[in-house]
Amino acid sequence: MNKKLLSKERKQYLKNRKCKQYLVTLTQIAILVAFLAIWEILANKKVIDSFIMSQPSRIWQTFMNLTSNDLVHHIGVTVYETMIGFLVGTGLGIMIAIVLWWSNFLSKVAEPYLVVLNSLPKVALRTSYYYLGRCRNTCYYSNGSSNFFNCNDFGKFEWIFGNR
């Protein structure tokens with residue numbers, strides 16, 4: 001938009017709007033800083049229990065030391081496993097949906113089972129009773145296996161094409 005075409009009233013309106021937005025942002029930042037400062041002071045004065053509520057300085061110190069306790073590595077593993085699970089689940093869902101769309105017979109046969117599965121709580125569909133589907137580092141009773149898959153093979157892509 002050409003600035004020469006704007007009227008004085010429009011320019012004043014835009015200036016007032018920008019000032020209000022700056023004021024809102026500044027107030028939000030001030031509230032956050034005040035909240036953190038009050039929290040830190042109350043924790044230092046022992047008004048609140050810093051063991052239960054922690055305090056901003058300790059949280060910041062822990063955040064700055066993330067690499068010393070391998071948290072970044074564990075976050076990476078969790079994101080990797082989440083993405084693989086999402087992609088495998090989405091791929092299987094799309095393939096099953098295409099098959100059910102294509103075959104009217106299979107669609108009619110599977111319909112009552114799919115309705116029952118959809119009505120179940122999703123927690124009931126977890127893969128392992130004791131460890132809630134924890135697969136990669138499972139070492140106790142399930143030895144890396146779940147009720148459906150051997151989860152130790154998920155890191156290797158050969159398990160998909162191994163039986164060709």
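A contact here means heavy atoms within 4.5 Å of each other. Keep that in mind as you open this predicted model and look at the whole chain. Among contacts with a separation of 6 or more, residues 24 or more positions apart account for 8%.

**Start with the whole chain**

Switch to a cartoon view. You'll find 6 helices and 0 strands, so to speak an α-α-α-α-α-α pattern when you read along the sequence. Now turn on the surface. Its accessible area comes to about 14,600 Å², with 67% of that belonging to carbon and sulfur atoms. Of the 164 residues in the chain, 10% count as buried.

**Next, select residues 8–44 and 56–64**

These are helix 1 and helix 3. Where the two pack, their axes are 8 Å apart, and the angle is about 105 degrees. Angles of 65 to 115 degrees count as roughly perpendicular, and that is therefore the label for helix 1 and helix 3. Show the side chains at the contact: Leu36, Trp39 and Glu40 come from helix 1, while Pro56, Ser57 and Ile59 come from helix 3.

Stay on Ser57 for a moment, which sits in helix 3. Is Ser57 buried, partly exposed or exposed? With a relative accessible area of 35%, Ser57 is partly exposed, because values between 20% and 50% get that name. Try a distance label too: the C-alpha atoms of Ser57 and Glu40 are 7.2 Å apart, though 17 residues separate them along the chain.

**Then move to residues 71–102 and 104–119**

Residues 71–102 make up helix 4, and residues 104–119 are helix 5. How do their axes cross? They come within 6 Å, at roughly 125 degrees. That angle falls outside the ranges for parallel, perpendicular and antiparallel, so helix 4 and helix 5 are oblique to each other. To see who meets whom, pick Val99, Leu100 and Trp102 in helix 4, then Asn104, Leu106, Ser107, Ala110 and Leu114 in helix 5.

**Last stop: a nonpolar patch**

Select Val99, Phe105, Leu106, Val109 and Tyr113 and show them as a surface. Together they form a nonpolar patch with about 530 Å² of accessible area. Helix 5 supplies the largest share, 4 residues. Two names may ring a bell: Val99 and Leu106 also take part in the meeting of helix 4 and helix 5.

Finish on Tyr113, another helix 5 residue. Tyr113 has a relative accessible area of 60%, and because anything over 50% counts as exposed, Tyr113 is exposed.

Notes
Residues are numbered from 1 along each chain as its sequence is written. This is a predicted model: local features need pLDDT of at least 70, side-chain atom pairs count only at pLDDT 80 or more; totals for chains, interfaces and linings use all residues. Side-chain values use heavy atoms; hydrogens and water are left out. Patches are made of residues with over 30% relative accessible area and no salt bridge: like charges are joined within 9 Å, nonpolar side chains (Val, Leu, Ile, Met, Phe, Trp, Tyr) within 5 Å. Accessible areas come from the Shrake-Rupley method with a 1.4 Å probe; for residues, only the protein chains shown count as cover. A salt bridge is a side-chain nitrogen of Lys or Arg within 4 Å of a carboxyl oxygen of Asp or Glu. Buried means under 20% relative accessible area, exposed over 50%, partly exposed in between (1.4 Å probe, protein chains only). Axes are lines fitted to C-alpha atoms, for helices over the stretch in contact, and angles run from 0 to 180 degrees between N-to-C directions. Angles under 35 degrees count as roughly parallel, over 145 as roughly antiparallel, 65 to 115 as roughly perpendicular and the rest as oblique.
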